[in-house]
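Thanks for coming. I will go through one structure today, from a few loop positions out to the whole chain. Please have the sequence and the model open.

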Amino acid sequence: MTRAHNFCAGPCTLPTSVLAELADEMVEYGGSGMSVIEMSHRSAEYEAIHFDTIERLRRLYAVPDDFDVLLLQGGATLLFAMIPMNLAPAGAAGGGRPAGYVLSGTWAKKAFGDAAKVSAAYPAWTEEGPAFTRMPSPADVTVQDGTAFLHVTSNETIEGTRMPGFDGFGARLVADMSSDYLTRPVDWSLFDVVYGGAQKNLGPAGLGVMFIRSELARTSPDSLPSYLRFDNHAKADSLFNTPPVFSVWATGKMLAWMETNGGLPAMEKRAAERSGMVYDTIDGSGGFYRNPVEPAFRSHTNVVFRLPSPELEADFLVLAEEQSLLNLKGHRSVGGIRASIYNGLPTESVEALVSFMRSFAASRA
Ligand SMILES: Cc1ncc(COP(=O)(O)O)c(C=O)c1O
């Protein structure tokens, strides 16, 4: 078996032990005579998996009792619309309360684009220059009176920027944490909602994971179709309709792996150290590699960098691929190189990357 060093921005690399367990149990699960992906989602076996995954999320993230954990289909993108539809609906149902959006990068802009269609959403901050190279401080953000929530993107996956903190924004926060989920503790007192797709740090694709203050998940506007109402999912413990059973099962296994590997403190340390190895290589390259982000806002999970020319970047990618260092091409909208270093990526992959970066720079200097 050959496993590549896979720096994909999502879906992510999962530990081989997690994949092996899934493979072992795929055909028959725990004496049930069938696979998890074949059994009823109302069966005792599946319910045990489902609630175990939810409990592990609660434990790992120290989620307070007054939050619900919802497992939803449609990823983070469906939640871009569902959140304002439920929490700041346009018109009479929402009492006309606006929702502020920090436009910190590509994903924040997408969230705002959908919110603007279904609510009174307004931009609360955006960077003036053409590129996103930093995050705002609370003083930069303008929150309108009566704002229902301020939406932030804790980590911009494409631009490689990260919000260093969340205190002092003067509004209840709703955060898209897709690309730095479970890589640092959350101060739950600041948030009404934390959400993200599972496929970067938590497991395979097919699952949106949302933590929502319970009182906000108790009622939803009657005008919403049933799947879009948070209250339906909360009342049914995320079994309102057929859940994405494979993703829930595999995510549970990835969460168990995190728990046996030191939990959230270890994931936080890993993220800082492993991204730090790449930043050190960039900063120590005498200008050959360049990271455009202001240092205080450098992502711990998506490290972006440029080389002196597009031709060198193309050569870098070809040679990297020959050494099994895959999916390092930056997002097509920004170019350059991007290494996504999520929880499940082995440290050897990061070591292989920095060693390759050093030898490539030496060969072209
Ligand atoms: C920060 C962020 N938000 C949202 C999304 C969209 O997630 P999904 O594909 O689960 O809809 C992504 C995907 O890359 C992302 O990086």
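In which loop is Ser-324 found? Ser-324 sits in the loop that runs between α8 (310-322) and β12 (325-326). Before I go further, please keep in mind that this is a predicted model.

I start with Ser-324 because of its backbone: phi is positive, about 65°, although the residue is not a glycine, and its surroundings are partly exposed, with 14 other C-beta atoms within 10 Å.

A second residue of this kind is Asn-327. Its phi is positive too, about 60°, and Asn-327 is not a glycine either. Asn-327 belongs to the loop between β12 and β13. With 19 C-beta neighbours inside 10 Å, Asn-327 counts as partly exposed. The cut-off for buried is 20 or more.

Now to Gly-330. The loop between β12 and β13 also holds Gly-330. Is Gly-330 buried or exposed? Gly-330 counts as buried, since 21 C-beta neighbours lie inside 10 Å. Which residues does Gly-330 touch, if we leave out those up to four places away in sequence? The answer is Val-304, Gly-335, Gly-336, Ile-337 and Arg-338. As for Pro-15, 315 residues separate it from Gly-330 in sequence, and the two C-alpha atoms are 23 Å apart in space.

Two of those contacts lead to the next pair of strands. Val-304 is in strand β11, residues 302-305, and its bridge partner in β13 is Arg-338. β11 and β13, the latter covering residues 337-340, pair in the antiparallel sense over four bridges. In a regular strand the side chains alternate between the two faces of the sheet. For β11, Asn-302 and Val-304 are on one side, and Val-303 and Phe-305 are on the other. All four are buried, so both faces of the strand are covered.

The next strand to look at is β8, residues 173-176. Here Leu-173 and Ala-175 point one way, Val-174 and Asp-176 point the other way, and again all are buried. What strands does β8 run parallel to? One is β5, residues 149-153, joined to β8 by four bridges. Another is β9, residues 191-197, also joined to β8 by four bridges. To give one bridge on each side, Thr-153 has Asp-176 as its partner in β8, and Ala-175 has Val-194 as its partner in β9.

That brings me to the ligand, with Thr-153 and Asp-176 both among the residues that surround it. The rest of the shell is Gly-10, Gly-75, Ala-76, Thr-77, Trp-107, Thr-157, Ser-178, Ser-179 and Gly-197. Which helix supplies the largest share of that shell? Helix α3, residues 75-87, does, with three residues. By type, the shell divides into two nonpolar, eight polar and one charged.

Gly-10 deserves a second mention. The peptide bond from Gly-10 to Pro-11 is cis, with omega near 0°. Pro-11 itself lies in the loop between β1 (5-6) and α1 (16-26).

Next, the domains. The domain assignment gives domain 1 as 16-260 and domain 2 as 263-364. Their C-alpha centres lie 27 Å apart. How many residues does each domain put into the contact? Domain 1 gives 26 residues and domain 2 gives 24. On the side of domain 1 that touches domain 2, the elements giving two or more residues are α2 (44-61), β7 (161-162) and α6 (245-260). Of these, α6 gives the most, with three residues. The residues on that side of domain 1 divide into 10 nonpolar, nine polar and seven charged.

Last, the protein as a whole. There are nine helices and 13 strands. The radius of gyration is 21 Å, close to the 21 Å that the globule rule gives for 365 residues, so the protein is as compact as a globular protein of that length. Along its principal axes the C-alpha trace spans about 65 × 60 × 30 Å. Buried residues make up 47% of the 365 residues. Among contacts with a separation of 6 or more, 67% are between residues 24 or more positions apart.

That is all I have on this model. I will take questions now.

Notes
Residues are numbered from 1 along each chain as its sequence is written. This is a predicted model: local features need pLDDT of at least 70, side-chain atom pairs count only at pLDDT 80 or more; totals for chains, interfaces and linings use all residues. Domain bounds come from an automatic or database domain assignment. Two residues are in contact if their C-beta atoms, placed from the backbone, lie within 7 Å. Ala, Val, Leu, Ile, Met, Phe, Trp, Tyr, Cys and Pro count as nonpolar, Asp, Glu, Lys and Arg as charged, and the others, Gly among them, as polar. A residue is near a molecule or strand if its C-beta atom, placed from the backbone, lies within 6 Å of it. The radius of gyration is taken over C-alpha atoms; the globule rule is 2.2 Å times the number of residues to the power 0.38. A residue is buried if 20 or more other C-beta atoms lie within 10 Å of its own, exposed if 12 or fewer, and partly exposed in between; C-beta atoms are placed from the backbone. Two strands pair if DSSP finds at least two bridges between them.
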